[in-house]
Amino acid sequence: MSAVAPPSAGDLTQEQLLEAYRVMRTIREFEERLHREFATGEIPGFVHLYAGEEAIAAGVIAHLRPDDYVASTHRGHGHAIAKGCDVKGMMAEIYGKANGICHGKGGSMHIADLDLGMLGANGIVGGGPPLVCGVGLTAKVKGTDQVAVSFTGDGGSNQGTFLEALNLASAWHLPTVFVVENNGYAEATSSAFHQAGVDVAKRADGFGMPGVVVDGFDFFAVHEVAGEAIERARSGGGPTLVECKVGRYFGHFEGDQQTYRAANEVEDLRRDRDCLNAFARRVTEAGILDREALDAIDRSVATLVEEAVTEAKASPDPTPADVLTDVYVSY
Amino acid sequence: MARTITFQQAINEALAQEMARDETVVVFGEDVVGGSGAPGEDDAWGGVLGVTKGLYPQFPDRVLDTPISESALIGAAAGAAASGLRPVAELMFVDFMGVCLDQIYNQAAKFRYMFGGKAVTPMVVRTMYGAGIRAASQHSQALYPIFTHIPGLKVVVPSTPYDAKGLLIAAIRDDDPVIFLEHKVLYTLEGDVPDEPYALPLGEAEIVREGGDVTVVALGRMVHLASAAAATLAGEGIECEIVDPRTTSPLDLETILESVENTGRLVVVDEANPRCGFAADIVAQVSEQAFGDLKAAPRMVTPPHTPVPFSPVLEDAYVPTPDAIAAVIRETAGSPTPA
């Protein structure tokens with residue numbers, strides 16, 4: 001008998017675990033591929049990659065129903081994939097194509113699908129938190145048990161909109177969860193400086209709501225904390241602030257030379273903290289999933305992302321006349 | 001059946017009737033109930049000037065006070081609109097747009113377009129504008145040109161109780177975000193208003209007064225000052241045609257152009273500051289599209305390009321007066337100034 005009990009996977013079913021792994025692997029593959037494709041110069045504009053932070057999107061959104069909402073950030077691909085947005089449509093959008101998820105009108109920073117409760121990535125840091133207050137109000141007025149989750153970075157947590165939204169959510173007792181993805185950097189400025197090293201979660205106390213710090217590399221920890229917060233919101237218990245401590249594998253944007261980071265920082269994170277490795281180790285060591293099941297997901301995700309890129313490149317551009325659609329034009 | 005009520009009552013009635021008709025209509029803002037959580041009477045204020053008074057007792061679950069957090073409350077309106085409500089958020093004074101503009105112009109105004117047409121944002125921001133009550137620089141501005149500049153927004157500037165009710169109902173039923181600007185001096189203005197609900201189309205100008213000599217385009221409170229000037233000028237033999245666009249977005253340029261085609265002369269009266277403003281926009285469009293019809297240079301009557309001053313003497317000098325409007329119209333008509 002082993003002296004140490006093998007790690008469990010909580011009360012997650014095999015099916016839930018496979019789905020969580022599929023979501024995280026899809027995000028990773030999508031972002032790693034974008035990193036390579038962006039370097040070719042074929043992708044217009046700029047992109048902000050979520051690689052490294054997958055456990056948060058997967059762990060939180062696993063608790064959400066299709067009719068629940070998320071408001072995302074400029075680093076939004078992970079939330080969109082976890083909320084069920086079409087991966088091929090997202091890729092086509094990032095390439096600016098007519099069949100993109102926003103018909104080429106939005107791009108990486110505005111990926112949205114209202115039918116799936118994806119209120120949009122957001123080009124404005126701190127733009128999303130007030131929006132989820134509105135969604136929470138909708139649920140309350142209509143008497144549904146929907147929940148709205150806002151994702152914000154550590155940078156966004158210093159915007160007035162974030163603090164105003166926490167207060168309004170508390171005053172109105174809204175079914176909301178505010179997730180802060182603290183990846184240690186607001187663009188290039190360290191959280192040790194910009195929030196004076198103080199946990200964002202501590203601010204929750206000032207707004208009369210629970211505040212929890214969780215390891216954002218650990219899917220199981222995020223899943224557990226988010227589950228409690230979302231259940232609290234859904235059952236009328238009001239908002240929660242969840243701060244996930246994490247790290248990003250790429251720069252603020254693609255092309256960022258990241259000279260503000262320590263030389264081995266990302267290498268160390270990838271080796272020691274990687275959420276996919278940790279997840280795989282835990283579920284295989286606990287004997288819940290075998291490696292082959294995970295490998296099969298890896299293969300199917302690789303195929304999906306390969307097809308997404310190939311099809312996006314071959315997709316038609318919008319026509320210039322499309323500039324004038326999807327908005328009223330009176331001039 | 002029409003009866004005489006005030007501009008303020010017309011707005012209140014539009015809100016009450018739409019809330020009764022449609023359970024997704026909600027009203028929130030700072031002190032729109034006024035007194036939430038306080039020991040005194042419910043609905044103590046009903047808005048800082050009482051415009052929403054009486055709504056809370058009728059719809060206690062759908063009329064909400066907010067913290068003084070304009071970004072949060074305007075953003076909440078955008079999120080609520082995107083998820084199935086028809087919120088009417090009150091931004092107490094339009095001057096406060098500076099603290100929440102991102103939620104209006106980067107969020108609400110752009111959802112439909114940047115999400116590829118798959119979002120609707122049926123929200124209204126009701127807001128008070130204008131000079132005339134000695135409220136000084138930060139509570140007196142006429143900032144509708146800033147909203148008019150933003151694609152995706154609709155902008156309403158009503159001048160009468162009848163228009164206020166019909167246009168507000170249309171704004172609430174519209175699927176795009178609408179900024180609805182109420183001139184604080186007009187709240188006590190009385191007029192005939194039908195008691196049943198009705199919607200007036202957004203983007204349709206009203207010819208307030210017919211005349212063949214000079215086209216005068218005016219908005220909001222300026223319609224009344226222009227009308228006073230026109231009455232004076234009629235006694236001098238100058239007939240003004242006053243066109244009230246009622247909405248700056250969409251803009252009924254057709255009606256303005258048709259009038260200029262008849263008169264050949266244009267004066268735009270605008271309470272907003274002159275640079276890159278509403279008057280400048282109308283003059284530019286008429287000059288570009290109807291240059292051949294013009295018999296005289298188009299003119300603008302606006303305040304000076306200064307902040308709104310406080311002292312009564314200064315504020316009265318700031319706002320265009322009927323005399324100042326009449327003087328410019330006379331010059332445009334080529335008539336001598338009466339002795």
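In the predicted model, chain B is assigned two domains, domain 1 spanning residues 2-194 and domain 2 spanning residues 206-333. Taken over C-alpha atoms, the centres of domain 1 and domain 2 of chain B are separated by 27 Å. The contact between them draws 25 residues from domain 1 of chain B and 23 residues from domain 2 of chain B. On the side of domain 1 of chain B that touches domain 2 of chain B, at least two residues are supplied by each of α6 (144-148), β6 (154-156), α7 (161-173) and β7 (178-183) of chain B. Classified by residue type, this side of domain 1 of chain B holds 14 nonpolar, eight polar and three charged residues.

An open sheet of seven strands with mixed pairing is found in chain B, in the order β3-β2-β4-β5-β7-β6-β12. Its edge strands are β3 (63-65) and β12 (247-249) of chain B, each of which pairs on one side only. From one strand to the next, the twist averages 20°. Strand β2 (residues 25-29) of chain B pairs with β3(B) in the parallel sense over three bridges, and Gly29(B) is placed opposite Asp65(B) in β3(B).

Within this sheet, strand β5 (residues 124-129) of chain B is largely enclosed by the rest of the structure, because six of its six residues are buried. In a regular strand, side chains alternate between the two faces of the sheet. Both faces of β5(B) are covered: Val124(B), Arg126(B) and Met128(B) are buried on one side, and Val125(B), Thr127(B) and Tyr129(B) are buried on the other. Parallel pairing joins β5(B) to strand β4 (residues 86-93) of chain B over five bridges, and to β7(B) over six bridges. Val124(B) takes part in both pairings: its bridge partner is Val88(B) on the β4(B) side and Val178(B) in β7(B).

A further open sheet of chain B comprises five strands in the order β9-β11-β10-β13-β14, again with mixed pairing. Strands β9 (206-209) and β14 (299-301) of chain B stand at its edges with a single partner strand each, so one side of each lacks a neighbour in the sheet. The twist from one strand to the next averages 25°. Strand β9(B) and strand β11 (residues 240-244) of chain B run antiparallel and are joined by three bridges; in this pairing, Ile207(B) is opposite Val243(B) in β11(B).

Two helices are associated with the five-stranded sheet. Helix α8 (residues 221-234) of chain B lies across β9, β10 (214-218), β11 and β13 (266-269) of chain B, and runs at about 170° to β11(B). Helix α12 (residues 322-333) of chain B packs on the sheet through β10, β11, β13 and β14 of chain B, and its direction makes about 175° with that of β14(B).

The contact between the chains takes 39 residues from chain B and 37 residues from chain A. On the side of chain B that touches chain A, at least two residues come from each of α3 (70-82), α4 (101-107) and α5 (111-114) of chain B. Helix α3(B) provides the largest share of this side, 10 residues. By class, the side of chain B that touches chain A contains 18 nonpolar, 15 polar and six charged residues.

Conventions
Residues numbered from 1 in each chain as written. Chains lettered and ligands numbered in written order. Predicted model: local features only at pLDDT ≥ 70, side-chain atom pairs only at ≥ 80, totals over all residues. Contact = placed C-beta atoms within 7 Å. Helix = DSSP H or I, 4+ residues; strand = E, 2+ residues; numbered from the N terminus. Nonpolar A, V, L, I, M, F, W, Y, C, P; charged D, E, K, R; others polar. Domains from an automatic or database assignment. Pairing = 2+ DSSP bridges. Axes fitted to C-alpha atoms, helices over the stretch in contact; angles between N-to-C directions. Buried ≥ 20, exposed ≤ 12 C-beta atoms within 10 Å, placed from the backbone.
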